[in-house]
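Visitor: I should like to go through this model by question and answer. Please show me the sequence and the structure before we begin.

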Amino acid sequence: MHDELAFLEVSELACRLRRRELSPLEVTHAMLDRIDTVDQALHSYTHVTRDLALAQARVAEAEIARGLWRGPLHGVPVALKDLFWTKGIPTTAGMTIHADFRPTEDATVVHRLAEAGAVLLGKLKLTEGAVGEHHPAIEPPLNPWDANAWPGASSSGSGVAVAAGLCFAAMGSDTGGSIRFPSAANGVTGLKPSWGRVSRHGVFALSEILDCMGPLARSVADAATVLAAIAGPDALDPTARHEPVPDYPGSMMEGVRGLRIAVDPALLAGTDPLTASAIEAALKVFASLGVGIKPKRLTGFEEAVRAWWPLCSAGAALAHRETFPSRAAEYGPSLRRVVEHGRSLGAVDVMAALVARERFRATVAAFFDDVDLLILPVQAFAGPSLRQMQAFAEAPDWRERMLRFVAPFALTGQPALVLPGGATPAGLPIGFQLVAMPMQEPLLLRSELRPRHIEREASVLRECLGESSERLFRRQFRPGGERALAEVQRRITD
């Protein structure tokens, strides 16, 4: 497969498949070959489902040939974070104790992707139990932009695979930033839906009152396409929301004009200059397209992050009660600390966190009275190296600093969209996020910036980000965006 084809957006690939300019079997063979070659260096996959993928591709090819069209995912190769149950296929949640677990059914998300005609390439690596660090026995995935750069948190394999052209979209999960961190770190688009918008049935839990399932993709349009396929009520998950599923791709046609985006200058003041400049550049682009920009203060972040931690760790203690402490010796140190902390909490600790969550929810609801979206960083610093992240984690306040911009909106169950926003001087991606009120994904999906918008604001981007960042910014928003993978592979090999 030509590299350019590997980086097509889902929408363009779907058109070619439907017109039979490409066949699902041809594309699937090529993607499997690409995984065999490129992923030897990147290690994003934990299990490649070659036989299943080829079987699904043959079915999709036969259906399309006889005029049956299931929609824009029909025949499109995708991949899953390895905490979604897949019938008869290893599902480990990044844990060695689950190495032999083969579910007897598919997760609802997996079933819905199959119904949409998607082709499953395999399962992607994640941090152990979807929190903290990878298990010491498992080789972690590498950032395709730089092997020494942080690839993001829990859904790291999903972010790496999408960025490196090893699938056309991937499923991840987000309990406190695990879709958003790897999306920003790998320069892809990530969507954390509202809590309950996507069924959690058949998914290993971290903290059930916080866990959200969502896509990492090459564009907002692709994320919208995947969300449309997987969202909706589910009799197997009573917490799944019952509201009808909107036409998510169709909502993008309304464009950004008329949206009202809030920005908190105090939050930007707490970030590094590159991150702040990326958001300022995005705001200038939005303003030029008819978006109203409103400086507005949102308080309560520190209290919200402090509340998130006991709810996450107590949820983890509950999720692991059948294997911890009975098999604690088989846990890696990072997940062990989380579960032990959750087990140490008392009822008053958890109740205090729940009260703080409700207080912050009320603050946020009032904040959004006169705005549609909030723009803010994903993290306070751009393009950290693995070494920097290791040193950062040793600071006493590292959790509050690291999770400041992501955990509060996991706490409230709000949807958040991560967009690529330029690059550091070293060429590492910088992402930013937009947040909406619960179930307002259509507002988020209207906010995609297409190439013509970037062209119009080239001078703005040069001013705020520098010429090299401007080129990367354009490339990340262009369908089929080029990636210098030969150079990436050379650096990793060296």
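Visitor: In which loop is the place of proline 325?
Guide: Proline 325 follows phenylalanine 324, and the peptide bond from Phe324 to Pro325 is cis, with omega near 15 degrees. Elements are DSSP runs numbered from the N terminus: helices (H or I) have at least four residues and strands (E) at least two. On that basis, the place of proline 325 is the loop between α12 and α13 (333-344).

Visitor: At what pLDDT do side-chain atom pairs count in this predicted model?
Guide: Residues are numbered from 1 along each chain as its sequence is written, and side-chain values use heavy atoms, leaving out hydrogens and water. The model is predicted: totals for chains, interfaces and linings use all residues, local features need pLDDT of at least 70, and side-chain atom pairs count only at pLDDT 80 or more.

Visitor: Which helix gives the largest share of the largest nonpolar core?
Guide: A nonpolar core joins buried Ala, Val, Leu, Ile, Met, Phe, Trp, Tyr and Cys residues through side-chain atoms within 4.5 Å, where buried means under 20% relative accessible area, exposed over 50% and partly exposed in between (1.4 Å probe, protein chains only). The largest such core has 148 residues, and those with the most contacts inside it include Phe84, Trp308 and Leu374. Nonpolar side chains tend to be buried together in soluble globular proteins. The largest share of this core, 10 residues, comes from residues 301-319, helix α12.

Visitor: What does phenylalanine 84 touch, not counting residues up to four places away in sequence?
Guide: Phe84 is listed among the core residues with the most contacts. Contact here means heavy atoms within 4.5 Å. Beyond four places in sequence, phenylalanine 84 touches Thr91, Ala107, Val109, Val110, Lys123, Met171, Gly172, Gly202, Val203 and Met213.

Visitor: Why do the buried residues of α2 lie on the same side?
Guide: In helix α2 (residues 10-18) the buried residues are Val10, Leu13, Ala14 and Leu17. The arc is taken from the directions between the helix axis and the C-beta atoms. These four are on the same side of α2 because they cover an arc of only 100 degrees.

Visitor: What covers the buried residues of α2?
Guide: Just after α2, arginine 20 takes a positive phi of about 65 degrees. The cover over the buried residues of α2 includes α3 (24-42), α4, β2 (77-81) and α8 (220-230).

Visitor: Is glutamate 63 buried or exposed?
Guide: Glutamate 63 belongs to helix α4 (residues 50-65). Apart from neighbours within four places in sequence, Glu63 is in contact with Leu68, Arg70 and His74. With a relative accessible area of 7%, glutamate 63 is buried.

Visitor: In which loop is alanine 130 found?
Guide: Alanine 130 is not a glycine, although its phi is positive, at about 70 degrees. Ala130 is buried, with a relative accessible area of 5%. Its loop is the one between β3 (119-124) and α6 (156-163).

Visitor: With which residues is serine 194 in contact, leaving aside its neighbours within four places in sequence?
Guide: Serine 194 lies in the loop between β5 (189-192) and β6 (212-217), and is buried at a relative accessible area of 2%. Its contacts include Met439, a residue that is not a glycine yet has a positive phi of about 70 degrees. The full list for serine 194 is Cys212, Gly413, Gln414, Pro415, Pro438, Met439, Gln440 and Glu441.

Visitor: What volume does the largest pocket have?
Guide: On a 1 Å grid over the protein atoms alone, a pocket is an open set of points with protein on both sides within 12 Å along at least five of seven lines, whereas a cavity is a set where a 1.4 Å probe fits but cannot get out; lining residues have an atom within 4 Å of a point. Points are joined across faces, edges and corners, and volume is the space filled by probe spheres set on them. The largest pocket has a volume of about 1100 Å³.

Visitor: Which residues lining the largest pocket are the closest to its centre?
Guide: The lining divides into 22 nonpolar, 11 polar and 4 charged residues; Ala, Val, Leu, Ile, Met, Phe, Trp, Tyr, Cys and Pro count as nonpolar, Asp, Glu, Lys and Arg as charged, and the others, Gly among them, as polar. Of the 37 lining residues, the closest to the centre are Gly132, Glu133, Trp150, Ser334 and Trp398.

Visitor: Which element gives the most to the lining of the largest cavity?
Guide: The largest cavity holds about 120 Å³ of space. Its lining has 11 nonpolar, 5 polar and no charged residues. With 3 residues, the element that gives the most is β11.
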